[in-house]
Amino acid sequence: MRVIHSPLHRLHEPPYELFSGRAGPSWEVAARADVIRDALAADPAFALELPSEHGLEPVLAIHDPGLVRFLAEAWDAWRDAGGSDGGFMADAVLHRGLRGQGVGETASPEPRAPGGRIGYWCFDTSTAITVGAWPAARAAVDVALSAADAVLAGEPVAYGLCRPPGHHAGRLTFGGYCYLNNAAIAAEHLVRAGAGRVGILDLDYHHGNGTQQVFWERGDVPYASLHGDPDRAYPYFTGRADETGGGAGAGATFNQPLPAGIDDAAYLEALDRALDWLGGRHDGVVVVSLGIDTYGLDPLCDFGLSTGGYHEMASRAAATGARLVVLQEGGYHLPDLGENVRQWLRGAAGLASDPVARSAAGPA
Ligand code: SP5
Ligand code: ZN
């Protein structure tokens, strides 16, 4: 299987995040991508390659030019304004009630100060602008687009080791460790290349609010997601089952909020429902937002999936006959992250699980 990765992700190492109201080290670290890369490099079933450059046009097909301009300029503007090393976050965000009485009532101009600009575009306190956030995010997009190109060239499945992740970034917003929406950009690239209707299957623990927003009114990019119920789980404001799309996209969004502690068997039932729903709605290519934060040992999340579950999950996705562009999203338990991704991809390729030793604490 072709595996696309870029070392440029290492330019981005967020110094901290606010988690449950406390500042702590970022969970989204460069080592995440490195352990995945190492696990795949050690298995002859995988061939690693660098991405090719695709420029900004595919990015601007999905994201507002103002957001792209901010991300490109943010670090230099912060430094020029006297900002310190490390990274910066918003100290005020554009709340919907700030100027008018409700949603969208009064448009607000983008402020000039970097601290105001970040609050204009970013919606959370997990997603610092660092010196390398922009080049790393650009490289992750090229990784995703190159994986899509591999499938367009005839591969039944290809993997893009994207970092930073993407599915929380919308047309006008970034957050959730995400700056540019790799999966959305890849899906649109596939549509424009003539792949017809392109499905998106989002298996990250967190709802892909950005992907949902981008394709909310699109009938040709159906979006199906399994995730922690927003009643308890980030990003809190999206992902309920009654969110099903609007306009030309009415009925083309499918959300399954799931309970804490869900095990492989119950998750696989939910996956079967998502695959059934997606099956008749695409023309042969599905982009998978692969989050491994559904793992039983993940430090951020509360699902109970096992390494064996990832192999089975991928086998079922591949058994639908869809060609898969698999893109990395979350996953924060470093000791087993590489092996879990490797098992998912072996399942997707129709290979036996062939397990290797993993951390002693891992579920069977
Ligand atoms: C790509 C991805 O997985 N992004 C996830 C970003 C989550 N960021 C903040 C989560 C805050 C959750 N706080 C609740 C703590 C419960 N112990
Ligand atoms: Zn996640």
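Here are some questions and answers on how the labels for this predicted model come about.

This is a predicted model, where local features need pLDDT of at least 70 and side-chain atom pairs count only at pLDDT 80 or more, while totals for chains, interfaces and linings use all residues. Residues are numbered from 1 along each chain as its sequence is written, chains are lettered from A and ligands numbered from 1 in the order in which they are written, and side-chain values use heavy atoms, with hydrogens and water left out.

Q: What makes β8 and β11 a pair?
A: Two strands count as paired if DSSP finds at least two bridges between them. Strand β8 (residues 198-202) and strand β11 (residues 285-290) have five bridges, in the parallel sense, so they pass that test. Leucine 201, for instance, has valine 288 of β11 as its bridge partner. Strands here are DSSP runs of E with at least two residues, helices are runs of H or I with at least four, and both are numbered from the N terminus.

Q: Why do β4 and β10 stand at the edges of the sheet?
A: The open sheet has eight strands in the order β4-β1-β7-β12-β11-β8-β9-β10, with parallel pairing. β4 (47-49) and β10 (253-258) each have a single partner strand, so one side of each has no neighbour in the sheet. From one strand to the next, the twist averages 20°.

Q: What does helix α10 touch on the sheet, and what angle does its direction make with that of β12?
A: Contact means heavy atoms within 4.5 Å, and α10 (residues 334-348) touches β7, β11 and β12. The angle with the direction of β12 is about 170°. Axes are lines fitted to C-alpha atoms, for helices over the stretch in contact, and angles run from 0 to 180 degrees between N-to-C directions.

Q: What makes Asp204, His206 and Asp293 donors of the zinc ion (ligand 2)?
A: Donors are N, O and S atoms within 2.8 Å of the metal (3.2 Å for Na, K and Ca). Asp204 (OD, listed twice), His206 (ND1) and Asp293 (OD) coordinate the zinc ion at 1.9 to 2.8 Å. Water is not among the atoms, so the site may look incomplete. The donor spacing in sequence reads D-x1-H-x86-D. Aspartate 204 and aspartate 293 are 89 residues apart, in the loop between β8 and α7 (209-215) and the loop between β11 and α9 (307-319).

Q: How do you know that tyrosine 332 makes a polar contact with ligand 1?
A: The term needs a pair of N or O atoms within 3.5 Å; within protein, one must be able to donate a hydrogen and the other to accept it, and residues adjacent in sequence count only if both atoms are side-chain atoms. A polar side-chain atom of tyrosine 332 lies 2.5 Å from an oxygen atom of ligand 1. Serine 126 is at 3.2 Å from a nitrogen atom of ligand 1, and histidine 168 at 3.4 Å from a nitrogen atom.

Q: Why is proline 58 called buried or exposed?
A: Buried means under 20% relative accessible area, exposed over 50%, partly exposed in between (1.4 Å probe, protein chains only). Proline 58 has 15%, so buried is the word. Serine 20 has 71% and is therefore exposed, whereas tyrosine 236, at 44%, counts as partly exposed.

Q: What makes the phi of serine 20 worth a second look?
A: Most residues other than glycine have a negative phi. Serine 20 is not a glycine, yet phi is positive, about 50°.
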